[in-house]
Amino acid sequence: MRFIAQVFFASIAMASFTLTGCQQYVKAPTTTTQVQDAQHFSLEGKIGVKTPKQSGSAFYTWQQDNENFNIQLTGILGIGKTVIEGKPGQVTLNSAKTGEISAETPEELLERATGWVAPITHIIDWVQAKPATTAATLQKDLQLRPIKIEEDGWTVDLSYNDAAKLPNKLVLKQALEAGQENRITMIIQNR
C-alpha cells in the first residue's frame, strides 16, 4: 500500500533533517492506480537525501509485513536513532530529539515533524523493481530488469549486482525549477 512507502520516505527525510536541523517543503505528487500491494520483506542499507538547500544520510533497517512496518534509522556511529512504526490509520515516530509524534498518515507525520510533505508514494514498489502505477514508463536492460522508472514526476535509476533480480541501488530524482533537483540515493546492502 502507498501508505508504507510514504512512511519510509518520511522517516528517511525526518532522520536526515533531524540530523542536519534543516527543513524544506516539497509538494507531494498525485497518486494514480496502484499496480500491486505490499509484500513481506526486510531491507538494510544506507540512504541519502539531497535537496538544493540541505543534505543528510542515515543507515536504515526496514521490516515490511504487508501493511505493517517497522523502520529504524541511525546516523553515523549509531547517533540519532529514530524508530517509525506503522499500521493502517496509525503511524508513530519516536526519537530522542523529537519525542513521539503520531499521525494517521505518513504525509501528516512528516509534515508535523519537519514541515515537509513527502514527495514519494511508490518506494515500496521501486525497491522491488516494479512500477507502482499503470502510468509508469519503464526502460529495461538486456535481462529485462527495469533500469529506469519514470512515474509521478520522479525518475528512478535502478542498479543491480551481476545477475540479481532486485536492485542494490536506487537513485530517485525529482526535477525542480532552474535546473535543480531533489535526489535520494538508496543503497540496499542486505535483503
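This is a stop-by-stop tour of a predicted model, with a selection to make at each stop.

**Ground rules**

Residues are numbered from 1 along each chain as its sequence is written. Because the model is predicted, local features need pLDDT of at least 70 and side-chain atom pairs count only at pLDDT 80 or more, while totals for chains, interfaces and linings use all residues; side-chain values use heavy atoms, with hydrogens and water left out.

**Stop 1: the whole chain, coloured by pLDDT**

Select everything and colour by pLDDT, the predictor's confidence in each residue, from 0 to 100. The chain mean is 79. Of its residues, 74% reach 70 or more. Where is confidence lowest, and where is it highest? The low end is helix α1 (residues 2–20), at a mean of 47. The high end is β7, at 97.

Now select residues 1–7. Their pLDDT stays under 50. The model still gives them 44 contacts beyond four places in sequence, a contact being heavy atoms within 4.5 Å. Move to residues 15–37. Here too the pLDDT is below 50. This stretch has 65 contacts beyond near neighbours in sequence. Where pLDDT is low, the predicted coordinates should not be read in detail.

**Stop 2: secondary structure**

Switch to cartoon. The protein chain has three helices and 11 strands. Both are DSSP runs, numbered from the N terminus: helices are H or I of at least four residues, strands are E of at least two. From the N terminus on, the order is α-β-β-β-β-β-β-α-α-β-β-β-β-β.

Colour by burial next. Buried means under 20% relative accessible area, exposed over 50%, and partly exposed in between (1.4 Å probe, protein chains only). Buried residues make up 47% of the 191 residues. Among contacts with a separation of 6 or more, 51% come from residues 24 or more positions apart.

**Stop 3: the sheet**

Select the strands. They form an open sheet of 11 strands with antiparallel pairing. Follow the order across: β6-β5-β4-β3-β2-β1-β11-β10-β9-β8-β7. Two strands pair if DSSP finds at least two bridges between them. The edges are β6 (99–103) and β7 (137–140), each pairing on one side only. From one strand to the next, the twist averages 15 degrees. That angle is taken between N-to-C directions, from 0 to 180 degrees, with axes fitted as lines to C-alpha atoms (for helices, over the stretch in contact).

**Stop 4: β1, β11 and β10**

Select residues 40–50 and 181–190. These are β1 and β11, antiparallel and joined by seven bridges. Which residue in β11 is the bridge partner of I47? Pick M186. For V49, the partner in β11 is I184.

Add β10 (residues 169–175). This strand pairs with β11 in the antiparallel sense, over seven bridges. Q174 stands opposite N182 in β11. The two strands form a hairpin with five residues between them. In the turn, A178 has a positive phi of about 60 degrees.

**Stop 5: the β7 edge**

Select β7 and β8 (residues 146–151). Four bridges join these antiparallel strands. T137 stands opposite E150. Here too is a hairpin with five residues between the strands. L144 in its turn has a positive phi of about 65 degrees.

**Stop 6: rings**

Show F41 and W62 as sticks. A search of the whole structure finds one aromatic pair, and this is the one: the ring centres are 5.0 Å apart and the planes are at 75 degrees, so the pair is edge-to-face. Rings of Phe, Tyr and Trp (its six-membered ring) pair if their centres lie within 6.5 Å; planes under 30 degrees apart count as stacked, over 60 as edge-to-face and the rest as tilted. F41 is in β1 and W62 in β2 (residues 55–65), so the pair ties together parts 21 residues apart in sequence. Both F41 and W62 are buried.

Next, show R145 and Y160. R145 lies over the face of Y160, at 4.3 Å from the ring centre. The test asks for NZ of Lys or CZ of Arg within 6 Å of the ring centre and within 35 degrees of the ring normal.

**Stop 7: two buried polar residues**

Select T82, in strand β4 (residues 82–87). T82 is buried, with a relative accessible area of 3%. Beyond four places in sequence, T82 touches I71, Q72, L73, L93, N94 and S95.

Finish at Q128, in the loop between α3 (123–126) and β7. Is Q128 buried or exposed? Buried, at 13% relative accessible area. Leaving aside neighbours within four places, Q128 is in contact with Q39, F41 and L166. Measure across to N168: the C-alpha atoms of Q128 and N168 are separated by 10.0 Å, with their positions 40 residues apart along the chain.
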